[in-house]
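Dear colleague,

I am handing over a structure that you have not worked with before, and I would be glad if you looked it over before reading my notes on it.

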Amino acid sequence: MSKKTYAIAIRDVIAQEMRRDENVFIMGEDIEILGGIFGCTRDLYKEFGTERVRNTPISEAGFIGAGLGAACAGMRPIVELMYMDFTLVAMDQIINQVAKTRYIFGGRAKIPLVIRGQQGIGRGNAATHSQSMETIFMHFPGLKVACPSTPQDAAGLLRTAIRDDNPVMFFEHKALYADKGEVNDDPEFMLPFGKADIKREGTDVTIVANLLYVKRALEAAKELESIGISAEVIDPMTLVPFDKETVVNSVKKTGRLVVVHEAHRNAGWGAEVAAMVTEEAFRYLDAPPLRLGALACPLPFALNLENAATPQVADIVQAARQVCYR
Amino acid sequence: MISKERASRIYLTMHRIRGFEEQVVSLFESNKLRGSVHLCIGQEAIAATVCSNLTEKDYITSTHRGHGHCIAKGARLDYAMAELMGKATGYCKGRGGSMHIADFETGNLGANAIVGGGIPIAVGAALASKMQKRKEVAVSFFGDGASNEGIFHEALNLASLWKVPVIFVCENNGYGISVPAWQSTSVEDISVRAVSYNMPGVTVDGNDVEAIDEAFRAALERARAGEGPTLIECKTYRWLGHWTGDPQPYRTREEIESWKEKCPIKRYGEKLLEQGFTAEELEQLSQQAKKEVEEAVDFALNSPLPDEGKILEDVFYEEA
Ligand SMILES: Cc1ncc(C[n+]2csc(CCOP(=O)(O)OP(=O)(O)O)c2C)c(N)n1
Ligand SMILES: [Mg+2]
């Protein structure tokens, strides 16, 4: 174990995997000498050279498609997007090509491709550079979706992603990169996909959250404790595959569900979780499941507006109280 | 030839842009302004010269490095500064910020935080002008890095095919963030890409007002005559980091200093003195710009924050 930031945890796993398997390589914008704008590839070109730590032109559709082709042809590419918002300029390659290739070609292709990068609020990047994209990729079958909320989770999930023979969309959060935590340095340390992590145990209400909102949910849980509400906080870790069992069992115990994410509330992944729980644990529910998420407007620039557009700790506390009728 | 009136306008505009951005740096450093700000100090000649040939009815689309375009196209410095500070009085009510600033009233269809995002939008504005038999043209500003996005190629093909009055102005500053053009771009001169789309392509010194002007006026004439688009590549350099605090490991101090020698404002000032402007006249213009910038900063600092109660307004147009 060693203490490191979320960004360094990611960098170290990339380096370990590149040492282990020479077919692993990484490409993306500004990842060589700059080391990525958040340092997730800092100095890697010094060890692995610029063939395997490959700067790309600003051509997202092109290099994501090239990642797919290289994966089909025996490499294990990691494609870094500077902002996950830029998946939008490469959507055909991701949704029509990457996600579908294995299935439509009769299950013959293996696609060990990771598309990773950061997203979210916290740096005043405004509408086109602060979005939460994960929900979109859950909708189209064929992509795994991972969302680490701590340095340790980032390391364990990223190694699993790189070794997976399926395409993985790997969502990091810009406001988490500087967070420090204990990380398992074992080069075989992996966290399984489809296994949620109970970040805090509780008995009165289940709060499901991802990325930055795990932290916020834990803060809310602390406040709730001071008013006598015991909250269980669950991080699904991967949204595809989704660990239904852990969430449903939790709700069977607590009888109450709040889902909170930074993605827009409208048609956000919280709706899927609420529906799933309603189907599976309807008679255990003591209150309708609640969803919190960003308002139905593009994320505004001004800080006071950005805060107003996204759920705050107080909103999570309020929602938990509401389902507990307190 | 550049008339005396236009020459002093260009000179004033360059000073406005420089002064505005210098203030942005210091506001950023004193935490009065946040977010992604990309500065065009060193590249002012392009926006100032190109826009001196346009009216408020002509269109532009801009980039993440868009303050210069916005100001040159006629935006008020106070509303622009307020936008960068996320104030209610800003051009976009504080919702856009530096990377998403627009002023539809002066024909600025927007900065664009998505590299290459504005290029086809200019083609569309030019198409509208053509379909409605108007004489307005559209200009798309974009960087060298943007010419590696697929959308650049689609937009140039469309424009050529439809012969719309659009002018593509590539500001080639040699880098896309840390990546030098030689490492990302298959050609040395981006202007040669025009050949693929059957339109003229020219490369000019982007720090030389007169060279830019000559190339742009030829393109403008062609556009207005219904002969279609032109690609103009202006070679230039950004003096500052890609973002405030950029450690710039990808270039040397000497390289930066050598480009500062080619300061477009200083160079044009010297030209104007040769052409009969007096030193006092030039000083007066730079002082005027300075004063406007100071007033803009005051205005922005003293403006209120946007009203959170209106956050859901404008997602859709609604009948009043
Ligand atoms: C589609 C997209 N990809 C990447 C980025 C991140 N990014 C912002 S500016 C920039 C460099 C742009 O280079 P260039 O077009 O040469 O313009 P310059 O910054 O040099 O003015 C990059 C990669 C982005 N904003 N949009
Ligand atoms: Mg550039």
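What follows is a short account of a helix pair and of two pockets.

Please keep in mind throughout that this is a predicted model.

I begin with the helix pair in chain B, where the axes of α1 (residues 4–29) and α11 (residues 279–301) come within 8 Å and cross at roughly 40°. Since angles from 35 to 65 degrees fall in the oblique class, α1(B) and α11(B) are therefore oblique to each other, and their crossing is right-handed. On the side of α1(B), the residues that meet α11(B) include Y11(B), L12(B), H15(B) and F20(B), while those on the side of α11(B) include L285(B), A289(B), V293(B) and V297(B). Taken by class, this contact of α1(B) with α11(B) has 10 nonpolar, six polar and four charged residues.

I turn next to the pockets, of which the largest has a volume of about 890 Å³. Its lining is made up of 49 residues, and the closest to its centre are M82(A), H38(B), H64(B), I177(B) and H242(B). The elements that give two or more residues to this lining are β2 (138–143) and β4 (175–176) of chain B, and by class the lining divides into 21 nonpolar, 18 polar and 10 charged residues.

The second largest pocket holds about 710 Å³ of space, and of the 28 residues that line it, the closest to its centre are A127(A), C92(B), R95(B), G96(B) and H100(B). Its lining divides into 16 nonpolar, seven polar and five charged residues.

With best regards

Methods: Residues numbered from 1 in each chain as written. Chains lettered and ligands numbered in written order. Predicted model: local features only at pLDDT ≥ 70, side-chain atom pairs only at ≥ 80, totals over all residues. Heavy atoms only, no water. Axes fitted to C-alpha atoms, helices over the stretch in contact; angles between N-to-C directions. Helix = DSSP H or I, 4+ residues; strand = E, 2+ residues; numbered from the N terminus. Parallel < 35°, antiparallel > 145°, perpendicular 65-115°, else oblique. Left-handed = near helix turned anticlockwise from the far one by under 90°. Contact = heavy atoms within 4.5 Å. Nonpolar A, V, L, I, M, F, W, Y, C, P; charged D, E, K, R; others polar. 1 Å grid on protein atoms, 1.4 Å probe; cavity = no way out; pocket = protein on both sides within 12 Å on 5 of 7 lines; lining within 4 Å. Points joined across faces, edges and corners; volume = space filled by probe spheres on them.
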